[in-house]
Amino acid sequence: PSRGKSYTIRGGINSIGRGDRMDITITGDRTISMENHAKVSYSDKNNRFNLLPGDGRNIVYLNGEEVFSAMPLKAYDEIDFGTTKLLFIPLCGERFVWKPEPKEDGDGAV
């Protein structure tokens, strides 16, 4: 049911599961845990994404390999859990970072 859907990853840790309380809610896959099947983090300080295992017994895979600790995510990595496969496509990276523009003071100085 969620085929083709995109998910927004925010700064910090994003929990993934079927439940409505999750930051990223995957619907239609009963093999995914309700809460914390996996987690994706984004550090704006280091401009880096990581995939982390969840709190339960279920395993999450990154490019076909089991994830038992934080693993760095790169563009076009495949995240696989339950019967769901996600393609990681970051909208920031080496060439672009979502940082606020510096504000000018009243004298035009930054």
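A residue is counted here as buried when its relative accessible area is under 20%, as exposed when that value is over 50%, and as partly exposed in between. The model under analysis is predicted, and the classes above are applied to its salt bridges, its sheet and its surface.

By this cut-off Asp80, with a relative accessibility of 16%, is buried, because its value falls under 20%. The side chain of Asp80 nevertheless takes part in a salt bridge with that of Lys85, at a distance of 3.2 Å from N to O. Lys85 is itself exposed, at 54% relative accessibility. Through shared partners, salt bridges join Asp80 and Lys85 with Glu78 into one network. Within this network, the side chains of Glu78 and Lys85 meet at 3.9 Å, N to O. Glu78 is partly exposed, its relative accessible area being 34%. The network therefore brings together a buried residue, Asp80, a partly exposed one, Glu78, and an exposed one, Lys85.

Over the whole structure, 4 salt bridges are found. One of them links the side chains of Glu35 and Arg21, with an N to O distance of 3.0 Å. Arg21 lies in the loop between β1 (12-17) and β2 (24-25), and Glu35 in the loop between β2 and β3 (38-43), so this pair ties together parts that are 14 residues apart in sequence. The two partners fall into separate accessibility classes: Glu35 is partly exposed, with a relative accessible area of 37%, whereas Arg21 is exposed at 68%.

An open sheet is formed by 4 strands, which follow one another in the order β6-β5-β8-β9 with antiparallel pairing. The edge positions are held by β6 (65-66) and β9 (84-87); each has a single partner strand, so one side of each is left without a neighbour in the sheet. Strand β5 (residues 61-62) is joined to strand β8 (residues 78-81) by 2 bridges, and these strands run antiparallel. Leu62 has Ile79 of β8 as its bridge partner. On the β9 side, 4 bridges join β8 to β9, again in antiparallel direction. Here Phe81 is paired with Thr84 of β9. The hairpin of β8 and β9 has 2 residues between the strands, and Gly82 in this hairpin adopts a positive phi near 55°.

Strand β9 also contains Leu87, a residue that counts as exposed at 52% relative accessibility. Together with Tyr76, Ile89 and Leu91, Leu87 makes up a nonpolar surface patch of about 480 Å².

Leu87 recurs in the description of the largest pocket, where it is among the residues nearest the centre, along with Ser6, Tyr7, Thr8 and Ile9. The volume of this pocket is about 930 Å³, and its lining is made up of 33 residues. Two or more lining residues are contributed by each of the elements β3 and β9. The largest share, 4 residues, comes from β9. Strand β9 is thus described by its edge position in the sheet, by its bridges to β8 and by its share of the pocket lining, while Leu87 within this strand belongs to the nonpolar patch and lies among the residues nearest the centre of the pocket.

Methods
Residues are numbered from 1 along each chain as its sequence is written. This is a predicted model: local features need pLDDT of at least 70, side-chain atom pairs count only at pLDDT 80 or more; totals for chains, interfaces and linings use all residues. Side-chain values use heavy atoms; hydrogens and water are left out. Two strands pair if DSSP finds at least two bridges between them. Buried means under 20% relative accessible area, exposed over 50%, partly exposed in between (1.4 Å probe, protein chains only). Patches are made of residues with over 30% relative accessible area and no salt bridge: like charges are joined within 9 Å, nonpolar side chains (Val, Leu, Ile, Met, Phe, Trp, Tyr) within 5 Å. Accessible areas come from the Shrake-Rupley method with a 1.4 Å probe; for residues, only the protein chains shown count as cover. On a 1 Å grid over the protein atoms alone, a cavity is a set of points where a 1.4 Å probe fits but cannot get out, and a pocket is an open set with protein on both sides within 12 Å along at least five of seven lines; lining residues have an atom within 4 Å of a point. Grid points are joined across faces, edges and corners, and a volume is the space filled by probe spheres set on the points.
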